[in-house]
Amino acid sequence: MRNPMFVFDEKMADLVLGYCRERLALDPVPLDYGGYAASLPSSLRDVLAGLISADGNDPARVLELFSDRLATAVISADSPRNLSFIPAAPTKASLLFDMVVSSGSLHGTSWLEAAGAVAAENQVLAFLAELADLPRGAGGCFVSGGSAANLSALMVARDTAALRGNATLRPRVACTDEAHSSVGKALHVLGVEPFLVPAVDHRLSGEVLEAALSSDQPGAADVVGVVATAGTTNAGLVDDLAGVGSVARRRGIWFHVDGAYGCGALLSPAARPLFDGIELVDSFVVDPHKWLFAPYDCAALIYRQPALAKAVHTQDAAYLDVIHEALPGSVDAGSGEETDISDAPWNPTDYAYHLSRRARGLPLWFSLAVHGTDAYRDAVETVLANARGAAALISATPYLELVRQPTLSIVLFRRSGWSRSDYETWSAKLLADQVAFVTPTSWEGEPAARLALLHPDTTVDIVREIVETMA
Ligand SMILES: Cc1ncc(COP(=O)(O)O)c(C=O)c1O
């Protein structure tokens with residue numbers, strides 16, 4: 001007799017697909033409450049008690065418990081009223097196709113196993129590489145997030161140093177203290193020391209980098225790479241990519257750009273000049289689960305010369321040899337400038353520290369193919385315009401102070417006379433009232449409010465509602 005878990009159950013399928021359909025149709029998406037204890041119906045431990053049992057449960061009961069008690073304890077990342085951290089704004093097409101990826105167990109580890117999925121993912125990577133003006137032949141893979149991408153890229157930076165004549169016993173990577181926390185973590189994992197370069201007005205510049213590398217600062221001679229940020233998480237600032245890139249080129253050190261949040265704005269012709277110099281990168285990351293309107297979890301990691309990454313990341317094991325052997329009729333891929341990554345045999349596993357992977361680039365691929373790139377450009381430009389509108393509104397509000405004009409879509413501001421605890425109390429009430437999710441940050445040592453706009457439906461009217469609660 002077959003194990004019933006593997007037999008299609010029409011009733012359960014209707015139940016779960018019905019829930020998905022309802023969630024997808026919600027307009028607007030409710031913000032909901034997350035872990036704020038005051039909003040929890042009872043302890044989540046009590047809600048879940050006894051649920052994992054030897055005999056299982058009726059799926060209707062489990063789904064009801066999820067939708068009524070658990071889903072409400074998750075703040076909707078895709079609500080236009082979520083302006084905290086870096087939220088999400090997946091298109092409906094991308095969410096629908098994420099269900100296809102799940103229903104089909106679509107994986108994308110190797111060309112041998114998953115050529116169709118890999119070719120489609122690579123089509124998106126080629127599109128992103130072109131936005132950054134990288135040469136044909138640039139490529140990489142989708143990983144789970146900016147943190148995984150930074151780690152994978154910096155591993156290649158470290159291990160490629162010797163090839164570039166920069167062999168050192170104590171490799172270091174230059175960055176400022178404005179680099180995302182995941183960069184520090186990645187360096188720690190890799191046993192690489194950060195070489196801290198002072199930021200000028202919170203940005204890394206080529207001039208200051210050159211001065212630091214030419215100085216007698218300890219470790220200057222051991223620097224094998226540099227990380228610039230294209231869209232800092234706290235303030236949305238873009239480093240001097242052209243300056244930093246040309247120093248890196250001249251010195252033969254690896255140039256990595258962390259555009260996990262900001263590089264979505266490569267799509268905007270008006271914002272594109274901010275990223276001048278990105279064409280010099282050895283590697284860059286952009287997270288489609290941030291500002292390219294894809295569901296979690298999806299980060300694009302792209303190398304100028306994927307062969308360098310392949311040399312570092314390929315896993316050797318007897319049972320894996322077969323994925324690296326040429327298939328009948330194949331050409332060698334990842335070998336440099338000539339290969340078109342859309343249709344060459346390509347193993348995504350060879351371009352990051354992972355092995356098995358979900359074909360997480362496909363929801364973006366489907367949505368881009370359906371809507372077209374102009375729709376994406378327009379959505380990004382709407383967000384940029386709303387951020388400018390929010391800044392103008394804040395500047396015109398007497399009890400508020402705009403910290404600085406937004407470069408991208410993060411708006412920092414202060415309420416006169418407020419302490420950190422005032423911001424925290426206000427933030428909790430704003431969520432409790434379901435007006436918005438806005439968490440405080442600090443800027444130059446002082447507390448501040450921070451709006452991260454990412455959803456095209458986060459209008460200036462929503463921002464007005466938020467700031468009126470600070471009066
Ligand atoms: C600039 C930057 N880099 C890296 C990350 C880490 O990305 P993830 O959370 O997807 O790992 C973030 C997250 O906000 C980010 O803003």
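Okay, so when I say helix or strand today, I mean a DSSP run, H or I over at least four residues for a helix, E over at least two for a strand, numbered from the N terminus. With that in hand, take His202: this residue sits in the loop between β3 and α8, and α8 covers residues 206-214. And keep in mind that what we have here is a predicted model.

Staying with His202 for a moment, its phi is near 70°, so a positive value in a residue other than glycine. Is His202 buried or exposed, or something in between? There are 17 C-beta neighbours inside 10 Å, and because buried takes 20 or more and exposed takes 12 or fewer, His202 comes out as partly exposed.

Ser105 also has a positive phi, about 45°, and again we're not talking about a glycine. You'll find Ser105 in the loop between α4 (92-103) and α5 (111-131). This serine has 8 C-beta neighbours inside 10 Å, so Ser105 counts as exposed.

While we're on backbone oddities, let's do the cis peptides. Going from Asp27 to Pro28, the peptide bond is cis, with omega near 5°. Pro28 belongs to the loop between α1 (10-25) and α2 (44-48). There's also a cis bond joining Tyr296 and Asp297, where omega is about -10°. No proline in that pair of names, so have a look at it on your screen. Asp297 lies in the loop between α10 (288-291) and β7 (299-303).

On to the sheet. In which order do its strands come? Reading across, you get β1-β7-β6-β5-β4-β2-β3, seven strands in an open sheet with mixed pairing. The edges are β1 (139-143) and β3 (193-196); each has a single partner strand, so one side of each has no neighbour in the sheet. From one strand to the next, the twist averages 20°.

As a quick reminder, strands of a sheet pair through backbone hydrogen bonds, either parallel or antiparallel. This sheet gives us an example of each. β4, residues 223-229, and β5, residues 254-258, run parallel and are joined by five bridges. If you want a register to check, Gly225 has Trp254 in β5 as its bridge partner. β1 and β7, on the other hand, are antiparallel, also over five bridges. There, Phe142 stands opposite Ala300 in β7. And although β1 is an edge strand, five of its five residues are buried.

Next, the ligand. How many residues are around it? The shell has 14, and the ones that come nearest are Gly145, Gly146, Ser147, His180 and Ala260. By type, the shell splits into eight polar residues, four nonpolar and two charged.

Now let's jump towards the later part of the chain, where β11 (446-452) has partners in both β9 and β10. β9, residues 410-415, pairs with β11 in the antiparallel sense over four bridges, and Phe413 stands opposite Ala449 in β11. β10, residues 440-443, is antiparallel to β11 too, again over four bridges, with Trp443 bridged to Glu446. β10 and β11 make a hairpin with two residues between them, and in that turn Glu444 has a positive phi of about 50°. As for burial, β11 is mostly covered, with five of its seven residues buried.

β11 also turns up when we look at helix α16, residues 460-468. The buried residues in α16 include Ile462, Val463 and Ile466. Why do they end up on the same side? Because they cover an arc of only 100° around the axis. The general background is that an α-helix has 3.6 residues a turn, so residues three or four places apart point the same way. On the face turned away from the buried side, α16 carries the exposed residues Asp461 and Glu468. And the cover over the buried residues includes β11, along with α14 (373-395) and α15 (420-432).

One last pair for anyone thinking in distances. Val370 is in helix α13, residues 362-371, and has 14 other C-beta atoms within 10 Å, so Val370 is partly exposed. C-alpha to C-alpha, Val370 and Leu169 are 50 Å apart, and 201 residues separate them in sequence.

Okay, that's my tour. Questions?

Methods:
Residues are numbered from 1 along each chain as its sequence is written. This is a predicted model: local features need pLDDT of at least 70, side-chain atom pairs count only at pLDDT 80 or more; totals for chains, interfaces and linings use all residues. Two strands pair if DSSP finds at least two bridges between them. Axes are lines fitted to C-alpha atoms, for helices over the stretch in contact, and angles run from 0 to 180 degrees between N-to-C directions. The arc is that of the directions from the helix axis to the C-beta atoms. Two residues are in contact if their C-beta atoms, placed from the backbone, lie within 7 Å. A residue is near a molecule or strand if its C-beta atom, placed from the backbone, lies within 6 Å of it. Ala, Val, Leu, Ile, Met, Phe, Trp, Tyr, Cys and Pro count as nonpolar, Asp, Glu, Lys and Arg as charged, and the others, Gly among them, as polar.
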